[in-house]
Amino acid sequence: MSNGKIYLVGFGPGAQEHMSFRARAAIAEADVVIGYSTYIKLVQDLLDGKEVIRKGMTEELDRCTEAYDRARQGRIVALISSGDIGVYGMAGPTYEVLLQSGWHPGDGIEVEAVPGTTALSACAALVGAPLTHDFCSISLSDLLTPWPVIARRLDAAARADFVIALYNPKSGRRTQQIVEAQRILLRHRAPDTPVAVVKSAYRKKQSIQMTRLAQMADCEIGMLTTVLVGNSNTFMQDGLMITPRGYANKYDGVTGETLAGEQAGRSLSHGLDGWKMSVRERLLRGESSEAIARHFDLPVIEIESVRNEESKDV
Ligand SMILES: C[S@@+](CC[C@H](N)C(=O)[O-])C[C@H]1O[C@@H](n2cnc3c(N)ncnc32)[C@H](O)[C@@H]1O
């Protein structure tokens, strides 16, 4: 019997044209396609002549076990998921089930993960360019993650001024998590921070609401919604949500000329080396580490490490 194979396929946000060639080829090659029933519907036209195993929302581990069982029978299996299967998807549980069952890479059954466009990229593309600077994603689902973990991450991400993509923001039963998230984010972000609420991106019922953080929780939000919360520089103009890349820190917006003290192709004057120099100057002026730390909104230990570097160099 020939060895089976498991493809872990992320087919993107939903529309056929956003599915990768590799995802399409993997589904075409598979004898067996396993997925949540809604996902199976989205790739229906690729399923002729295949064994199709539809599973419900709560049967995730069953999907992994079925995939492994079929692969052990020598079948080619495509386990499918929307977006990227490695982002809040089935890739993790499948590897966990396989490893717990004694499987090892190179053992006979090959596993290939096929990346897809995840919801945050799909939603961002529909509203402008909100993710052009540092961002993070946080799932508001407390089905498998304790709320204090989620709350701590929301607080840290908001404090660190990340653009934040909220996955799984709300469901029929989980209605208060988005309200709590809004309250936590408002501790560190202005009420008029731009927010995009994107539902069913690249699917038939796609809808987009552009709003502000203070109104975020009042929007229509459901299971298929991703919420993008801007950072302190994100702006909304002509219906677009844009997070500046940072060119204004170095170049004049009108003339395009490099600003005084900056150099094209080099770190900013307040990049790592420049920042350390300015910390040393402040220390030499007699400022305390605590005051410098407060000025830069950094832990005191960061200032102390510059001080220690200096004393090592002497
Ligand atoms: C279990 S996660 C799966 C994420 C998926 N693996 C991905 O990479 O996009 C489900 C969440 O993804 C987001 N999502 C998935 N598809 C979406 C779409 N087409 N439009 C907006 N959000 C979507 C929603 O936040 C939803 O609650």
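Select helix 8, residues 272-284. This helix has 13 residues. From its first C-alpha to its last it reaches 18 Å, close to the 18 Å expected at 1.5 Å a residue. Keep in mind throughout that the model is predicted. Now step just past helix 8 to Gly286. Its phi is positive, about 95 degrees.

**Domains**

Zoom out and colour by domain. Domain 1 covers 5-117, domain 2 covers 120-242 and domain 3 covers 247-313. Select domain 2 and domain 3 together: their C-alpha centres lie 32 Å apart.

**The ligand**

Next, show the ligand and the residues around it. Where does the ligand lie relative to domain 1 and domain 2? Both domains give residues to its shell, so the ligand lies between them. The shell counts 23 residues. Label Gly83, Val87, Thr118, Ala119 and Ala201, which come nearest. Two elements give two or more residues to this shell: helix 5 (119-127) and strand 11 (225-229). Colour the shell by class. There are 11 nonpolar, 10 polar and 2 charged residues.

**Helix 5**

Stay with the first of those two elements and select helix 5. Its buried residues are Ala119, Leu120, Ala122, Cys123, Ala124 and Val127. Ala119 is also among the residues that come nearest the ligand. In an α-helix, residues three or four places apart point the same way, because there are 3.6 residues a turn. Move on to Gly128, which follows helix 5. The phi of Gly128 is positive, near 130 degrees.

**Strand 11**

Now select strand 11 and turn on side chains. Is this strand mostly covered or mostly uncovered? Strand 11 is mostly covered, with 5 of its 5 residues buried. Side chains in a regular strand alternate between the two faces of the sheet. Look along strand 11 to see which residues share a side. Thr225, Val227 and Val229 point one way. Thr226 and Leu228 point the other way.

**The five-stranded sheet**

Add the strands around strand 11. The result is an open sheet of 5 strands in the order 7-8-11-9-10, with mixed pairing. Strand 7 (135-139) and strand 10 (207-212) are the edge strands, each pairing on one side only. From one strand to the next, the twist averages 20 degrees.

Walk through the pairings:

- Select strand 8 (residues 163-167) with strand 11. They pair in the antiparallel sense over 3 bridges. Ile164 stands opposite Val229.
- Select strand 9 (residues 194-199) with strand 11. This pair is antiparallel too, over 5 bridges. Lys199 has Thr225 as its bridge partner.
- Select strand 7 with strand 8. Here the sense is parallel, over 5 bridges. Ile138 of this pairing stands opposite Leu166 in strand 8.

**The three-stranded sheet**

For the last stop, hide those strands and show strands 6, 13 and 12. These 3 strands form an open sheet in the order 6-13-12, again with mixed pairing. Why is one side of strand 6 (128-129) and of strand 12 (235-237) left without a neighbour in the sheet? Each stands at an edge with a single partner strand, so one side stays without a neighbour. Finish on strand 12 and strand 13 (residues 240-242). They run antiparallel and are joined by 3 bridges. Centre the view on Gln237, which stands opposite Leu240 in strand 13.

How values were computed. Residues numbered from 1 in each chain as written. Predicted model: local features only at pLDDT ≥ 70, side-chain atom pairs only at ≥ 80, totals over all residues. Domains from an automatic or database assignment. Near = placed C-beta within 6 Å. Helix = DSSP H or I, 4+ residues; strand = E, 2+ residues; numbered from the N terminus. Nonpolar A, V, L, I, M, F, W, Y, C, P; charged D, E, K, R; others polar. Expected span 1.5 Å × (residues − 1). Buried ≥ 20, exposed ≤ 12 C-beta atoms within 10 Å, placed from the backbone. Pairing = 2+ DSSP bridges. Axes fitted to C-alpha atoms, helices over the stretch in contact; angles between N-to-C directions.
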